[in-house]
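Morning, everyone. One structure today, and I'll keep it short. Please have a look at the screen.

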Amino acid sequence: MSARLSIEVCYALANEQALIAVDLQEGATLQQAIDASGILQRYPQIDLGTQKVGVFGKLKPLDTVLADHDRVEIYRSLLVDPKLSRQRRVEKTRKAGSIEGRRWLNKDSR
């Protein structure tokens, strides 16, 4: 008798999350788990050619062999670069006159 894997496939939008449990044959790949979950039909905006996927927060290729109780995650693209977002928050804090924003300036320009 061949072993079965219990896998979860998850995808999150800003206002909705999907967590779908699937049972697969041992040796199943990440791509097979996504196909078996039906998540591509439920969310047609998912494009595996451009979006990244992973297992428990670690990026993985679609041909990765899964282990029992793995969680397959489909990641959305970032809307804003995190570094740029941080820089904008610091600039806003500096303009407001907060000492927190001035802390990162050179001592000469404070």
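I'll take the sheet, then the core, then a patch on the surface.

One caution before that: this is a predicted model.

Start with the sheet. It is open and has 5 strands. Read across, the order is β2-β1-β5-β3-β4. The pairing is mixed. Which strands are at the edges? They are β2 and β4, the latter spanning 58-59, and each of them pairs on one side only. Look at β4 for a moment. β3 and β4 run antiparallel, joined by 2 bridges. V55 has K58 of β4 as its bridge partner. As background, strands of a sheet pair through backbone hydrogen bonds, either parallel or antiparallel.

Now the core. Nonpolar side chains in soluble globular proteins tend to be buried together. Here, the largest nonpolar core has 22 residues. The members touching the most other members are I7, I34, I39, L66, V72 and I74. Where do the residues come from? At least two each come from β1 (4-12), β2 (17-25), α1 (30-37), β3 (53-55) and β5 (71-74).

Take I74 by itself. Set aside its neighbours within four places in sequence. I74 then contacts V9, C10 and Y11, along with I34, I39 and I46. Q51, K52 and V53 are also among the contacts of I74.

Last, the surface. L79, V80 and L84 form a nonpolar patch there. Together they have about 310 Å² of accessible area. V80 sits in the loop between β5 and α3, the helix at 82-95. Is V80 buried or exposed? In between: its relative accessible area is 41%, so V80 counts as partly exposed.

Over to you for questions.

Key
Residues are numbered from 1 along each chain as its sequence is written. This is a predicted model: local features need pLDDT of at least 70, side-chain atom pairs count only at pLDDT 80 or more; totals for chains, interfaces and linings use all residues. Side-chain values use heavy atoms; hydrogens and water are left out. A nonpolar core is a set of buried Ala, Val, Leu, Ile, Met, Phe, Trp, Tyr and Cys residues joined through side-chain atoms within 4.5 Å. Buried means under 20% relative accessible area, exposed over 50%, partly exposed in between (1.4 Å probe, protein chains only). Helices (H or I, at least four residues) and strands (E, at least two) are DSSP runs, numbered from the N terminus. Contact means heavy atoms within 4.5 Å. Patches are made of residues with over 30% relative accessible area and no salt bridge: like charges are joined within 9 Å, nonpolar side chains (Val, Leu, Ile, Met, Phe, Trp, Tyr) within 5 Å. Accessible areas come from the Shrake-Rupley method with a 1.4 Å probe; for residues, only the protein chains shown count as cover. A salt bridge is a side-chain nitrogen of Lys or Arg within 4 Å of a carboxyl oxygen of Asp or Glu. Two strands pair if DSSP finds at least two bridges between them.
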